[in-house]
Amino acid sequence: MALDSKVPGGPIKDKWTNYKDKINLVNPANKRHIDVIVVGTGLAGGSASATLAELGYNVKAFAYQDSPRRAHSIAAQGGINAAKNYQGDGDSTYRLFYDTVKGGDYRSREANVYRLAEVSANIIDQCVAQGVPFARDYGGLLDNRSFGGVLVSRTFYAKGQTGQQLLLGAYSAMNRQIARGKIEMFNRHEMLDVVVVDGKARGIIARNLVTGEIERHSAHAVVIASGGYGNVYFLSTNAMGSNATAAWKIHKKGAYFANPCYTQIHPTCIPRSGDYQSKLTLMSESLRNDGRIWVPKNMEDVIAIREGRKKPTDLSEDERDYYLERRYPAFGNLVPRDVASRAAKERCDAGYGVNATGEAVYLDFASAIERYGKEQAKIHNIQNPSKEKIIELGEKIVEAKYGNLFQMYEKIVDENPYKTPMMIYPATHYTMGGVWVDYNLMTTIPGCYCIGEANFSDHGANRLGASALMQGLADGYFVLPYTIGDYLSNDIRTGKIPTDSPEFEEAEKAVQDRIDFFINNKGSKSVDYFHKKLGKVMWDKVGMARNEKGLKEAMSEIKQIREEFWKEVKVPGIANEMNPELEKAGRVADFLELGELFAKDALMREESCGGHFREESVEESGEQKGEAKRNDKDFAFVAAWEYKGEPADAVLHKEELEFKDIELKQRSYK
Amino acid sequence: MNLTLKIWRQKDASSKGQMVDYKVTDISEHMSFLEMMDVLNEQLINAGEEPVAFDHDCREGICGMCSMYINGEAHGPDRGVTTCQLHMRMFKDGDTITIEPFRAAAFPVIKDLVVDRTAFERIQQAGGYISVNTSGNTQDANAIPISKHAADEAMDAATCIGCGACVATCKNSSAMLFVGAKVSQYALLPQGQVEAADRVRNMVEQMDLEGFGNCTNTGACEVECPKGISLENIARMNRELMKASI
């Protein structure tokens, strides 16, 4: 099947407006007869559920947590971008569009990104109307901060808990519709398959995670909003339950999976401390506004620090290597995430890591504290303040800005980041790849949509900070509710979809068989054993830097782990009860397939772009020596994979990317 | 360190539960409490026993999924943390740790340490929202200036993660801190004031229907709240309720 992105014609700035004017609508009386299933209740799924219900559709929403408000969007800290230009610093829809395409290393679809930038301002208006308590200045107007990879301040925030507040906003909108009966909420439920009837997505099979009961749910359309697949690495900043099962199940039923190798490794996470580690904790990138990243210049100092003979604060300015400021004078500590992460890895690989594992660099607030302290002394008219006074005043400002992050760091690491620099290291955070969707956010299964992090669409090969929240809410509040209407307008006479068809029967049986297999297998190793093994292969060979040899090894090793998993996995307990190990087994089984496709995609893409770095593809000379080298001639396409059984047999379909409104250039942050 | 764990085991909502003793060894002080539980569960699985069910998800203190009543305190002995942020450095080698589910009539046990907190959902469905549809035509976000003070206070209330520690801690199993925080967030913002009277009436009514107890101003909820939600929110809720009834 040829991929049709269905991008409407006309100039980019008019596409969305003209398109909305022409698509089919469903009249309010008919919406009452149409059901929509939404899987996942994070920012994308939550906002979509609420908006579809407000429009009048009957929504069934599913979450594996005990409340829709606990989806992992809640953990996003830093902020949400919007082209409001409240700061008057030259921001505009075009500039947000441009920054996003450039930040994504020219691997995203222009029309989708432009639309995202266009609706971004509406998101802020909507959220304020819902009662989201964004940070404000003393005049009562909204405050902004700046994030990596851009030259304007367009990020709106609510302390370090922006994701939480936006999700609570979407959740409150859902609650209003749950109370009206327009959303039927299924907490503690997990989707285990999609049901396709006559070529259209018509329902799902879900498991009630409390009783273990397998349920059939039908609808006229199915929306997947189940988030990303970062947990394929075992260790990531995702929640423990974050999984790719819903996305992978639709892939196996016909939805193409796009660009799995585009994964974001976030630069500012708390380093790993031991083998028992269950997850990694991210600290907002906003810290890079004021924190300076460095490692010691001299190896003797590195060794002395690791052995505890020296403290980082003992090193003078010229004994420190502020490597981002050195390599990227224009953007300094605010280079995009992929660049910052690789630079940290480069220093640590060279032996300059500052903790026992050798995988940590410093993030230092001393100069910010001093700068703010001096400024405060001026404001309060304190003449010749002492150094202590300056630090005291400066720490207050830093506390007001990042207090909760500093507290979190201190609780985990047991060190006071006001007095000694933080230690950070990159960790898997976000997946730009995902289910392929067209301009309508529909997958290659008619009637099956995919929104938020679960789809591939807007961030290309790298996502800029504070853009995930923007995309999730744009998809859910402002894009999907329009585009799905166009599809559903053909369903006004269909009537309720029955759940006793052979298709439902068959899908339910396959789900039940797999569960029975896990329970009866009684192997010798726990699910986590396999998940950790997979994670290690992914991190070592499909992590921040990849090469042909490693990727080929990864593919065969993952296949081996998968085969061993199906022989030896051990799931205690029974099927008809709350059984967390059984839940994990199903998710890890899917990761074991996804991981191999991920490596295959990375092997195919013989270029470095965004979060995907191939060691074979770097600039060999000139000012950009050693930086990632993109190959636009051969790889300016979206790689959409069709499922054919074994992941290694997946078939590649290319969506060529056209850049009409932005000139393709090498990303330079120097 | 080596520890003895006394853990509440209960097969399902209708079974009777009991405390069961377990031993774990070589626990690192840098582990989080839940990582220690992972070690126990791996040990149980390998021994052919059923692992302990407990709620958890983000493991960074924001989703509000984790619960557990540890040595008689919701989220354990540290302050300002959820169970997932509690670290083993708070304990000593040789300690015996008692681990129970959150106990409240409105939070029935589902299995082991997992409880049903959907009563909180129904309270919010009763009025924890502003009635505004998504349209793309709402007025500009800066059209109504909101004083920084009010915005910050609303944010402090909105920071509640809905974990239920306040209820579990309260001798009356009262949900006043939770409901107070939700009511306050909206009461402090101009957008929320339009429906303020109906909101507080409906949410308090639902809270009572769910079987939560009354507030007797002990203040334990504020002490145990991982997000430091202030008792002032309860006072504000009472004021709002008073305002709504005259």
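In chain B, residues 24 or more positions apart account for 69% of the contacts with a separation of 6 or more, where two residues are in contact if their C-beta atoms, placed from the backbone, lie within 7 Å. This is a predicted model, in which local features need pLDDT of at least 70 and side-chain atom pairs count only at pLDDT 80 or more, whereas totals for chains, interfaces and linings use all residues. Residues are numbered from 1 along each chain as its sequence is written, and chains are lettered from A and ligands numbered from 1 in the order in which they are written.

Chain B holds nine helices and seven strands, these being DSSP runs numbered from the N terminus (helices H or I of at least four residues, strands E of at least two). Its C-alpha trace spans about 60 × 35 × 35 Å along the principal axes. Of the 246 residues of chain B, 52% count as buried; a residue is buried if 20 or more other C-beta atoms lie within 10 Å of its own, exposed if 12 or fewer, and partly exposed in between, again with C-beta atoms placed from the backbone.

The domain assignment, whose bounds come from an automatic or database source, divides chain B into domain 1 (3–111) and domain 2 (117–131 + 145–245). The C-alpha centres of these two domains of chain B lie 28 Å apart, and their contact takes 18 residues from domain 1 and 17 residues from domain 2. On the domain 1 side there are ten nonpolar, six polar and two charged residues, with Ala, Val, Leu, Ile, Met, Phe, Trp, Tyr, Cys and Pro counted as nonpolar, Asp, Glu, Lys and Arg as charged, and the others, Gly among them, as polar.

Between the chains, the contact takes 65 residues from chain A and 66 residues from chain B. Helix H6 (162–179) of chain A is among the elements that give two or more residues to the chain A side, and H6(A) supplies the largest share of that side, nine residues. By class, the side of chain A that touches chain B has 26 nonpolar, 23 polar and 16 charged residues.

Within chain A, strand S7 (residues 200–208) pairs with strands on both sides of it in sequence, as the table sets out; two strands pair if DSSP finds at least two bridges between them.

| Strand pair | Sense | Bridges | Residues between strands |
|---|---|---|---|
| S6(A) and S7(A) | antiparallel | eight bridges | two residues |
| S7(A) and S8(A) | antiparallel | five bridges | five residues |

In the hairpin of S6(A) and S7(A), A:Asp198 takes a positive phi near 50°, and A:Val195 stands opposite A:Gly203 in S7(A). In the hairpin of S7(A) and S8(A), A:Gly212 in the turn has a positive phi of about 80°, A:Arg207 has A:Ile214 as its bridge partner, and A:Ile204 stands opposite A:His217. Because seven of the nine residues of S7(A) are buried, this strand is largely enclosed by the rest of the structure.

The largest nonpolar core has 291 residues, and those with the most contacts inside it are A:Val223, A:Ile224, A:Val435, A:Tyr449 and B:Val167; such a core is a set of buried Ala, Val, Leu, Ile, Met, Phe, Trp, Tyr and Cys residues joined through C-beta atoms within 7 Å.
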